[in-house]
There are 2 protein chains.
Amino acid sequence: MKRDLKLRDVAVLGVGHTKFGRSPEKSLMDLFGEAALEAIRASNIEKERIEAVFVGQHVGELTDGVSNFAPFAAAEIGLAGVPAVRTEGACASSSVAFREAYLLVATGVYDVVLVGGVERLLSAGTALGTRALATSADGVYEFNAGLTFPGIFAMAAILYSQKYGIPLDELREKMAHVSIKNHKYGALNPKAQFYKKYGDLKVEDVLNSRMIAYPLTLLDCCPMTDGAAAVVLAEASIAEKHVDKPIYVLGAGLSSAGGIYRQRDVTVPMSRVRSCKMAFEQAGLTPEDVDVVELHDCFTIAEIIASEAMGFFEFGEGADAVAEGKTKIGGKVAINPSGGLIGKGHPVGATGVSQIYAIVKQLRNEMEPRELQVHNAKIGMTDTLGGDFGTICNIILSTERRGEA
Amino acid sequence: MKRDLKLRDVAVLGVGHTKFGRSPEKSLMDLFGEAALEAIRASNIEKERIEAVFVGQHVGELTDGVSNFAPFAAAEIGLAGVPAVRTEGACASSSVAFREAYLLVATGVYDVVLVGGVERLLSAGTALGTRALATSADGVYEFNAGLTFPGIFAMAAILYSQKYGIPLDELREKMAHVSIKNHKYGALNPKAQFYKKYGDLKVEDVLNSRMIAYPLTLLDCCPMTDGAAAVVLAEASIAEKHVDKPIYVLGAGLSSAGGIYRQRDVTVPMSRVRSCKMAFEQAGLTPEDVDVVELHDCFTIAEIIASEAMGFFEFGEGADAVAEGKTKIGGKVAINPSGGLIGKGHPVGATGVSQIYAIVKQLRNEMEPRELQVHNAKIGMTDTLGGDFGTICNIILSTERRGEA
């Protein structure tokens, strides 16, 4: 994005979110419609003012026999006819949709748009779900070699241990604190898949749960999830006329990488470093300015790696940071107070917009229950990872419009 | 798109296109890379100036076990790191990618981008390919009811016959002229799947070929195809510095519809009517201004329906028009001189950009062989249909920049 490009201010109006978990009786369309109509109602705007629909959707072809989802989604909510675009970037699908939508509002192509995401993985079953997710690694050199995502992040944990000289047993204990924290928050969040579950884990519980891919146990992993999320985005002055607390988009980064065989070191994912740089530069902010973060904790080690590459901690210090409580609500920076992917669930195509939803609630000081509210949160940020760092997208949100630089 | 929006002029630089047909030995990535590198070389521009990659891809998850295609595609051509976005809108996937890319260059977000599309359907086999394509109809009410695309367009042909009082046997003969024309052009086009095949069909050949879905025979249908196409797009003054004959984008339309159970009359697809209106209004042109068209002839009846909804003929007169030769090279408007989907092939995700490729060759007066060149073509247009009219995208291209209106 060019530095001298004049962009209009853009803000989030209403947001919508299904209960994450198992929804076998609801189609992709049902889930999408539920979240989208909640977002539209909360926006206090006539539905007819929505000029385009953007949808993030990962593997509906495999789980539900559904492609070409965007036009059907638009029709489902009474908007047949508007330009409707599906983006697919694995787990970052709806963050990519959000960024595309944001850019087209910021540049004046549209004034008001809807962005949503949806997935049905839990109802698809573990075998189909795992196979579907595995398609987002390199299709020739990784998928065919049997590499799945628990395997990729297990290798990342071992590399992290060796690189920073942290014995693996020690690292596993530190990683367990990610699981404990995110499950604790998820257990409090009524939208979370694990609401009222796993709220009081001990380190031993995580270490001793079923081994998935050494050194990752079941409680190091996010679950399979059904769910949807949606938001309405508009040019800022329009947003201000319709809602009391518009939440402004200050920065949007997107970067890419090839398969991990092309990457130097997955503990320092360059796609994330570049995407965050893009978002921070656009926002004119640094990691120190961020109060609350929803980042891509598909596995405990993934949260640690992300917290470093995003700039909240030095490389090699993220594991200590979580073990020392620096990423709790009230710590240096609150990470995943919604429960994250681990506690809230991970309906892949919905995850990016679900993160936006959570940050918007925080910045509006409307997070429920109140013990999940980050005190005086003014700047929030999302981080969504697609595949094995192939796609990374970061969004920075604020209670205030951007300053006139 | 708002009427008072100031957009920069945007032009196509180099274009690339694989041989369409069967390529079992090439992966999606191989095919994409081949087309993309040809487009970059033909652009006379340093690859490093490409700031983003947009890819249209339909069903790689099903045919090749590959999702999250865009970042891998960018890495494959040496552009790892740039924002890389996959759009999926069934058969219109890469037209949607082209429009997104065009808008982000026109509004100044990027100066130079690459747009491509790719699919492997012939190598996937007929059963898997048919099932994959069927996912782009409504997943609950159509796909599950057994509706496939030959069925949808067979019903459209019967409706067309009844609505306009053209006996079905007569209509079938008129439809056969679409097949004869497009196969004739495809047989001359070295990039076409049916190069040197079916170049001299008679009406009886079409009527008597194997019945697929009454009244559509095999020769009324486009084939399954492997292939890729790519183009480089840039702000117009940049394009003018690098290539002798930049081809300018004057208009880009996109519209949506729900499943056919939500549509009043598929012989008058409202998504296409709206999308064309959007494109023509932006370009300040009318159908009379268009010299050459590449449109979505997935079936013979589909070309007739499209030629009417795009405004080249009155509703109900498209069948006569093709039978009378009005859509041949040298007729009122040249339709599908590349061979179209029927003669050139239909590698779904690649089709939209393949149409752009064909129009660019025509407007540069570089169509090979020369008997496929439309004399003095100045304005060209593409039309790509995704699903059962769910997604329609139209692009208008010109040898000249837009006039200062």
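The following dialogue reads selected features of a predicted model with chains A and B.

User: Where should one begin with chain A, and how many helices and strands are there in chain A?

Analyst: A count of the secondary structure elements is a convenient start. Chain A holds 14 helices and 12 strands. Along the principal axes, the C-alpha atoms of chain A occupy a box of roughly 55 × 45 × 40 Å.

User: What radius of gyration does chain A have, and what would a compact globule have?

Analyst: For 405 residues, a compact globule would have a radius of gyration near 22 Å; the value for chain A is 19 Å, which agrees.

User: How is the relation between two copies of a chain to be described?

Analyst: In general, a rotation about an axis and a shift along that axis relate two copies of a chain. Here a turn of 180 degrees, with a shift of 0.0 Å along the axis, lays chain B on chain A with an RMSD of 0.0 Å. The two copies are thus related as by a two-fold rotation axis.

User: Which C-alpha of chain B is nearest the axis?

Analyst: That of B:Thr87, which lies 2.3 Å from the axis. As for the surface in use, the same one serves both copies, since 100% of the contact residues of chain B recur in chain A.

User: How many residues does each chain bring to the contact?

Analyst: Chain A contributes 57 residues and chain B contributes 57 residues. On the side of chain B that touches chain A, at least two residues each come from α2 (60-64), α3 (69-76), β3 (84-87), α4 (93-106), β8 (247-256) and α10 (270-283) of chain B. The element that gives the most to this side is α3(B), with five residues. By class, the side of chain B that touches chain A comprises 26 nonpolar, 22 polar and nine charged residues.

User: The element α3(B) also packs within its own chain. At what angle do α1(B) and α3(B) pack?

Analyst: A helix pair is read from the angle and distance between the axes, then from the handedness and the residues in contact. For α1(B) and α3(B), the angle is about 55 degrees and the axes are 10 Å apart. That makes α1(B) oblique to α3(B), and the crossing is right-handed. From α1(B), the contact draws on B:Leu28, B:Met29, B:Phe32 and B:Gly33; from α3(B), on B:Phe69, B:Phe72, B:Ala73 and B:Glu76. The contact of α1(B) with α3(B) has six nonpolar residues, one polar and one charged.

User: Turning to chain A, is the crossing of α6(A) and α11(A) left-handed or right-handed?

Analyst: The crossing of α6(A) and α11(A) is left-handed. These helices, α6 (residues 149-163) and α11 (residues 300-309) of chain A, pack at about 55 degrees with axes 9 Å apart; α6(A) and α11(A) are therefore oblique to each other. Contact is made through A:Phe153, A:Ala156, A:Ala157 and A:Tyr160 of α6(A), and through A:Ile301, A:Ala302 and A:Ile305 of α11(A). Seven nonpolar, no polar and no charged residues make up the contact of α6(A) with α11(A).

User: At roughly what angle do the axes of α6(A) and α7(A) cross?

Analyst: The axes of α6(A) and helix α7 (residues 168-188) of chain A cross at roughly 120 degrees and come within 9 Å. The two helices are therefore oblique to each other, and the crossing of α6(A) and α7(A) is right-handed. The residues in contact are A:Ala157, A:Ile158, A:Tyr160 and A:Ser161 of α6(A), with A:Leu168, A:Leu171 and A:Met175 of α7(A). The contact of α6(A) with α7(A) divides into six nonpolar, one polar and no charged residues.

User: What backbone features deserve attention?

Analyst: As a rule, most residues other than glycine have a negative phi, and most peptide bonds are trans. In chain A, the peptide bond from A:Glu368 to A:Pro369 is cis, with omega near -5 degrees. A:Pro369 belongs to the loop between α14 (348-363) and β11 (379-386) of chain A. In chain B, B:Tyr214 and B:Pro215 are joined by a cis peptide bond with omega about 5 degrees, and B:Pro215 sits in the loop between β5 (211-213) and β6 (216-217) of chain B.

User: Where is B:Asn44 found, and what is its phi?

Analyst: B:Asn44, a residue other than glycine, has a positive phi near 55 degrees. B:Asn44 occupies the loop between α1 (28-42) and β2 (52-57) of chain B.

How values were computed. Residues are numbered from 1 along each chain as its sequence is written. Chains are lettered from A and ligands numbered from 1 in the order in which they are written. This is a predicted model: local features need pLDDT of at least 70, side-chain atom pairs count only at pLDDT 80 or more; totals for chains, interfaces and linings use all residues. Two residues are in contact if their C-beta atoms, placed from the backbone, lie within 7 Å. Helices (H or I, at least four residues) and strands (E, at least two) are DSSP runs, numbered from the N terminus. Ala, Val, Leu, Ile, Met, Phe, Trp, Tyr, Cys and Pro count as nonpolar, Asp, Glu, Lys and Arg as charged, and the others, Gly among them, as polar. Axes are lines fitted to C-alpha atoms, for helices over the stretch in contact, and angles run from 0 to 180 degrees between N-to-C directions. Angles under 35 degrees count as roughly parallel, over 145 as roughly antiparallel, 65 to 115 as roughly perpendicular and the rest as oblique. A crossing is left-handed if the near helix is turned anticlockwise from the far one by less than a right angle, and right-handed if clockwise. Copies are superposed by least squares on the C-alpha atoms of residues with pLDDT of at least 70 in both. The radius of gyration is taken over C-alpha atoms; the globule rule is 2.2 Å times the number of residues to the power 0.38.
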